[in-house]
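Student: I would like to take a close look at a single part of this structure. Could you please guide me through one helix and its surroundings, step by step?

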Amino acid sequence: MGAKRLTPADRMYMGLNYTVLFIFCATALYPFIYFLALSFNDGYDAMKGGIYFFPRVFTLENYAKAFTNPLILNSFYVSVARTVVVTVGSVFLTALLAYALSRKGLPGRKYIVFFFFFTTLFSGGLIPTFILFRQLHILNTFWVLVLPSLYSFFNAIIMKTFFDGIPEALSESARIDGASELSVFARIILPLSMPVLATIALFVGVGVWNDWFTGQFFIQNEKLQPAATFLNKMISEASFQSMTSGNSGSSIQNMTETQMELRGVTPEALRMTFVIIITTPIICVYPFLQKYFVKGVLVGSLKE
C-alpha cells in the first residue's frame, strides 16, 4: 500500500506547525548564538555593536583569560563537585524514599505521605533557614551547597509513581528466593527504573548547576562560591559600576578585587565567555539523557 496522500488542509496544518516550531527553536537558540559570537570576538570591538551571528574580530583571548583566572576556575570546580555529589546523593536518597513509600505494606504509609506533602506547602523563609544552617554549623562550608539540595518531594512522587508501575510479582518472586528488601531494591527496582532515574538526575543536576542563590547568601568565602554565583556577582558589580560611573573607563580606585584580576579584556566579553562556559556542560549532557528524560516524565507522571 502506498503512503497516504495529504490533503491541502493537512499540508497547511503541517506547514503552520513547522513554522511555529521553527520560530520557537530560533527564539530559544539565538541568545546562545549571540553570546557565543561575543565570546569569540574582541571585547573592545564588540563595544561598537553590530554583532549578531558571527564574531567580527575573532579572538581566543577571552577564553584564555577565563581559564587562567583562578577565581573563575575555582568556581567552576566547585560547581562540578557540587553537581556530582548532589545529583548522585539526591537520586539515591530519593529512590530509597520513593521505594519505601511505594510499598503497600508500609505501616502508616498514607500518613507519612501526607506529612511529606504538608511540609512542602510552607516555607520558613530566608532568616529561619539562615539560623538553621548556622546552628548546624554548615554556613560558609561546602556542605551548605549539598545538604539542602538532597531532598525534593516532587521528585520522590515522580519516582514513587514509576515504582508503582513495576509488577509486584517481580519483587515477590525475589523474596521467595530469599532476597532482602535491599537486594530487591538494588537488583530489580533500580535496573528497571533507568528512565526515571535519568530524569530525576537531569532535574537535580540542572537545578544545582544553575543555582546562584545558595552561594550568594550562605557563602562568604570566594573560594567556595559556585560558578552561577560568581557569574551573578560579576553582572551585579558591572551593573553597579555602570550606574556609578559616567563612562566605561572607571578609575582603578573604584574597581573591586575581582575586576582588578580580570583586566585585559572587557567585563562584558568576559561575562559572555563565562555564560558559554557554564552552559556548555548541560548542553553536552542533555542529548544523552533526552530519551530517558521524555520516557521518565511521561511514565512517572501518568502511570497508575
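Tutor: The following account begins with the whole chain and then turns to helix α4 and the elements around it.

The model is a predicted one. Its chain contains 14 helices and zero strands, so that the order of elements along the sequence reads α-α-α-α-α-α-α-α-α-α-α-α-α-α. Of the 304 residues in the chain, 34% count as buried. Among contacts in the chain with a separation of 6 or more, 71% are made by residues 24 or more positions apart. Several such contacts appear in the part you have asked about, and they can be followed residue by residue.

Helix α4 covers residues 70-102. Let us follow three of its residues in sequence order, beginning with T83, which is found in this helix. Is T83 buried or exposed? Its relative accessible area is 13%. The limit for a buried residue is under 20%, and T83 is therefore buried. When neighbours within four places in sequence are left aside, T83 is in contact with G205, V208 and W209. Helix α10 spans residues 194-209, and these three partners carry numbers within that span.

A95 also has its place in helix α4. With a relative accessible area of 1%, A95 is buried. Which residues does A95 touch, not counting those up to four places away in sequence? They are M159, F163, F185, L190 and L197. One of these partners, L190, is 95 residues away from A95 in sequence, yet their C-alpha atoms are 8.2 Å apart in space.

The next residue, L96, is found in helix α4 as well, but its surroundings are described by another value. L96 has a relative accessible area of 32% and is therefore partly exposed. The C-alpha atom of L96 is separated by 9.7 Å from that of K160, although the two residues are 64 apart along the chain. A95 is thus buried, whereas L96 is partly exposed.

Let us now consider how α4 packs against another helix. Helix α5 consists of residues 109-119, and it packs with α4 at an angle of about 140°, the two axes being 9 Å apart. How are the two helices oriented to each other? An angle must be over 145 degrees to count as roughly antiparallel, and α4 and α5 are therefore oblique to each other. On the side of α4, the residues that meet α5 are L97, L101 and S102, while α5 contributes R109, I112, V113 and F116. By class, the residues of this contact comprise five nonpolar, one polar and one charged.

A second pair of helices involves residues already mentioned. L190, a residue touched by A95, belongs to helix α9, and L197, likewise touched by A95, belongs to α10. Helix α9 runs over residues 181-192, and its axis comes within 5 Å of that of α10, crossing at roughly 75°. This angle makes α9 roughly perpendicular to α10. The contact between them is formed by L190, P191 and L192 of α9 together with M194, P195 and L197 of α10. It has six nonpolar residues, no polar ones and no charged ones.

Helix α7, residues 153-164, also reaches this region through N155, which lies in it. N155 has 6% relative accessibility and therefore counts as buried. Residues up to four places away in sequence aside, N155 touches T94, I200, F203 and V204. T94 has a number within the range of α4, while I200, F203 and V204 have numbers within the range of α10.

Finally, α4 takes part in a pocket. The second largest pocket holds about 590 Å³ of space. It is lined by 21 residues, and those closest to its centre are T129, F133, P148, S149 and Y151. Which helices each supply at least two residues of this lining? They are α4, α6 (126-135), α10 and α11 (213-218). The lining divides into nine nonpolar, 10 polar and two charged residues.

The loop between α6 and α7 offers a last detail. H137 is found in this loop and has a positive phi of about 60° although it is not a glycine. N140 lies in the loop too, and it also has a positive phi of about 60° without being a glycine. H137 counts as exposed, at 69% relative accessibility, whereas N140 is partly exposed, with a relative accessible area of 30%.

Definitions and conventions: Residues are numbered from 1 along each chain as its sequence is written. This is a predicted model: local features need pLDDT of at least 70, side-chain atom pairs count only at pLDDT 80 or more; totals for chains, interfaces and linings use all residues. Side-chain values use heavy atoms; hydrogens and water are left out. Axes are lines fitted to C-alpha atoms, for helices over the stretch in contact, and angles run from 0 to 180 degrees between N-to-C directions. Helices (H or I, at least four residues) and strands (E, at least two) are DSSP runs, numbered from the N terminus. Angles under 35 degrees count as roughly parallel, over 145 as roughly antiparallel, 65 to 115 as roughly perpendicular and the rest as oblique. Contact means heavy atoms within 4.5 Å. Ala, Val, Leu, Ile, Met, Phe, Trp, Tyr, Cys and Pro count as nonpolar, Asp, Glu, Lys and Arg as charged, and the others, Gly among them, as polar. Buried means under 20% relative accessible area, exposed over 50%, partly exposed in between (1.4 Å probe, protein chains only). On a 1 Å grid over the protein atoms alone, a cavity is a set of points where a 1.4 Å probe fits but cannot get out, and a pocket is an open set with protein on both sides within 12 Å along at least five of seven lines; lining residues have an atom within 4 Å of a point. Grid points are joined across faces, edges and corners, and a volume is the space filled by probe spheres set on the points.
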